[in-house]
Amino acid sequence: MEIVLYLVYLIASVCFIFGIKKLSSPKTARQGNQLAALGMLLAIIVTLFDQRILTFEYIILGVVLGSLIGAVFALKVQMTGMPQMVGLLNGFGGGASTLVAFAEYDRLFTTTANFEVPTTITIILSILIGSVTFTGSLIAFGKLQGIVTGKVVKYPLQHPLNALLLIGVLVAGIIVVINPYDIELVLSIVGVSLILGVLLVLPIGGADMPVAISLLNSYSGLAASMTGFVLNNNMLIIAGALVGASGIILTIIMCKGMNRSLMNVVMGGWASAGTEGPAADSKTHKGTAKSIDSEELAMLLDSVSSVIIVPGYGMAVGQAQHAVRDLMNVLEKKGINVRFAIHPVAGRMPGHMNVLLAEANVSYDLLVEPGDVNPTMETVDVCMVIGANDVVNPAARDDETSPIYGMPIIEVDKAKTVFVLKRSMGAGFAGIDNPLFFKPNTRMLFGDAKASVSALVSEFKET
Ligand code: NAP
């Protein structure tokens, strides 16, 4: 039986690895997801046949309840609510690791079995990382959901206090490794770790929360991996390590996209210069922006040869991706070369724009990265910015005093003409002015993204 277990775990691990590989392209992402899910199903089934399973009633109850809750969430949660849902799920993962590690400690404690040093170490680490992930993720969820303040929260001696608590947990952990029969001390490690999770994430502003969520995702993987060591389960070790590693890679990509340092995220509570989350608003517009209507815009587009569409959060809010695909089709019919420039942090989660455009059947080949499109921007006839703001803000390149200075942008202002489709002169997520709107080569088409793009498509169809 043991050999079958290990063999199936090996097959499941291979499914995970190839599944993740396939996730790297929208073309194969669905397949990758299915492959990884199949691997997980195999791993679960074979684990249930393991001899250490005592009762199936609770497991079946858990599977039914969990699946039901998961299905309702998946069906109900809007695409724009996805970051907080991921945050919540990370938290559950961390909480589960803590519970499993503590249950294993309790089992060894009550059966007065021998505590082996490596097992005790991994129990402590599993509890520490799992608990921090649990409460940290709940706070992250609360911030994005608007239940907890999205602002940067500062409190006295923030970093020394966090360092003290962490050192306290580690010292207590060493004491438990030396003398494992101290359940009160283990419980206090759980308690302090839970508090640490709150204190680490509470100071982080809402604007930086998705990066924190990505990091917590990595933590939840690490916690699962530790739990794998506790239970001596290779599958959990591998799956946890994969989540931990991919989470940290994603965090680094997001940090680069937003010009944040990873160390700041790890330390928790860095306050980005002036970026206080989505609440900040900007009212200090300089100069006047020139607007245009959809009829004029359609006429202007008639005579161009290349268009780059830059989608942003507003396309997601307006659910304009299908209308944007229709626009692409009518432009292409006219012989216009259309491409989509995708900023890595456009929208509110990594890959947000890619997912929406894939949903609307926009070919992946038409998607280009800022690094590829920026050097040739001067040759582009038209850039159409659809519901994007911060990711095309030239202040990030030109204004050293700007809170987003240094953040890589799509340099649409260098194109011959720029059309910006949004509802008002309102700010984006960073809550700051965008000089792009006042440039001589920029025209604003005000309105909801879906309505504006649909109107544009109708103009083309009428002519
Ligand atoms: P953005 O800077 O947040 O701007 C979005 C713009 O969309 C707003 O200015 C808004 O202007 C417009 N809008 C909203 N609803 C609309 C609708 N129905 N129709 C048309 N326009 C609409 O978005 P972004 O350029 O995509 O930049 C993303 C921001 O989020 C960056 O600051 C990034 O750092 C941050 N962020 C992203 C991630 C990620 O993983 N993607 C993670 C963390 C933070 P109006 O109100 O005038 O319409």
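A residue counts as near the ligand if one of its heavy atoms lies within 4 Å of it. In this predicted model, 30 residues surround the ligand, and Asn389, Asp390, Arg423, Ser424 and Asp448 come nearest. The points below treat the ligand and its shell, and then two helix pairs, α4 with α5 and α6 with α7.

**Polar contacts of the ligand**

- The side chain of lysine 422 places an N or O atom 2.9 Å from an oxygen atom of the ligand.
- For glycine 347, a backbone N or O atom lies 2.9 Å from a ligand oxygen atom.
- Valine 391 contributes a polar backbone atom, which is 3.4 Å from an oxygen atom of the ligand.

**Cover and composition of the shell**

- On its own, the ligand has 910 Å² of accessible area, of which the protein covers 95%.
- Two or more residues of the shell around the ligand come from each of the elements α9 (234–258) and α12 (313–317).
- Helix α12 gives the most to this shell, with 3 residues.
- By residue class, the shell around the ligand divides into 15 nonpolar, 10 polar and 5 charged residues.

**Packing of α4 and α5**

- Helix α4 spans residues 82–110 and helix α5 spans residues 117–145; the two pack at an angle of about 155°, and their axes are 7 Å apart.
- Angles over 145 degrees count as roughly antiparallel, and α4 and α5 are therefore roughly antiparallel to each other.
- The crossing in which α4 passes α5 is left-handed.
- In the contact of α4 with α5, the residues divide into 12 nonpolar, 15 polar and 1 charged.

**Packing of α6 and α7**

- Helix α6 (residues 158–178) packs with helix α7 (residues 183–201) at an angle of about 155°, with 10 Å between their axes.
- This angle makes α6 roughly antiparallel to α7.
- Helix α6 passes α7 in a left-handed crossing.

How values were computed:
Residues numbered from 1 in each chain as written. Predicted model: local features only at pLDDT ≥ 70, side-chain atom pairs only at ≥ 80, totals over all residues. Heavy atoms only, no water. Polar contact = N/O pair within 3.5 Å; in protein donor to acceptor, adjacent residues only side chain to side chain. Areas by Shrake-Rupley, 256 points an atom, 1.4 Å probe, with all protein chains shown as cover. Helix = DSSP H or I, 4+ residues; strand = E, 2+ residues; numbered from the N terminus. Nonpolar A, V, L, I, M, F, W, Y, C, P; charged D, E, K, R; others polar. Axes fitted to C-alpha atoms, helices over the stretch in contact; angles between N-to-C directions. Parallel < 35°, antiparallel > 145°, perpendicular 65-115°, else oblique. Left-handed = near helix turned anticlockwise from the far one by under 90°.
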